[in-house]
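Biologist: Could you take me through one part of this model closely, setting it in the context of the whole chain before you turn to the details?

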Amino acid sequence: MFERLTKAARAVVKGAAEHAERRGATVVTQEHLLLALLDGEGTRATEALRALCPPDRRPSLVAALTDARRRAGLSRADAEALADLGIDVGAIVARVEETHGEGALAGDRRDSGRRSGRRPFSREAKGILEKSLRVALARKDREIGDEHILLALTTTGGVVAEALADHGVTYASVEAAVAGVPAP
């Protein structure tokens, strides 16, 4: 599959691994893929993202991802469902962070036993890359571009898709924006 990745898509994969390393994460996640897309310039996905989520709105998107990481990756829908059962996720997070420090539930603490080498991709991040292949095939594209990775991120549900949708980045809006961006 990786031989089908365009230069831009390979840059996203590499950038995601770099984001994971900078944050001390033990694995590369969907969030890292999105952050790498946000870093890009001059590609179909980055131009679509710029149109749908201008740079002045990106801090809000990153903050939404950070908040979700603090909640151990629970989406707002998950937190609301737990609230219906009488469980206050915010109070639990505050209590855990009071005892163990900010970000204790984030799950991206450094692995002190880690040897040098590449960080593995989480099951969910691998799923995004697999889904990007299916998106490319469905669109009858010969290669997997960064736009296919972005489209796949919008379809998975969960925290990243929720944060993107809250900022107007949905499958339909990305598809329309990408259609208006010429291939590099």
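**A close look at Leu 61 and helix α10**

Modeller: The place of Leu 61 is helix α4, which spans residues 58–70, and I should say at once that this is a predicted model. The protein around Leu 61 has 10 helices and 0 strands, and buried residues account for 42% of its 184 residues. Of the contacts between residues at least 6 apart in sequence, 63% join residues at least 24 apart.

Leu 61 itself has a relative accessible area of 0%, and therefore counts as buried, the limit being under 20%. Leaving aside residues up to four places away in sequence, Leu 61 touches Leu 34, Leu 38 and Cys 53, and also Ala 163, Leu 164 and His 167. Ala 165 lies 104 residues from Leu 61 in sequence, yet the C-alpha atoms of the two are 9.9 Å apart in space.

Turning to helix α10, which covers residues 171–179, one finds Ser 173, Val 174, Ala 177 and Val 178 buried. Seen down the axis of α10, these buried residues fall within an arc of 130°, so they line one face of the helix. The general background is that an α-helix has 3.6 residues a turn, so residues three or four places apart point the same way. Ala 172, Ala 176 and Ala 179 are exposed on the other side of α10, while the cover over its buried residues includes α3 (44–52) and α8 (146–155).

Methods. Residues numbered from 1 in each chain as written. Predicted model: local features only at pLDDT ≥ 70, side-chain atom pairs only at ≥ 80, totals over all residues. Heavy atoms only, no water. Helix = DSSP H or I, 4+ residues; strand = E, 2+ residues; numbered from the N terminus. Buried < 20%, exposed > 50% of the residue type's maximum accessible area, 1.4 Å probe, protein only. Contact = heavy atoms within 4.5 Å. Arc of directions from axis to C-beta.
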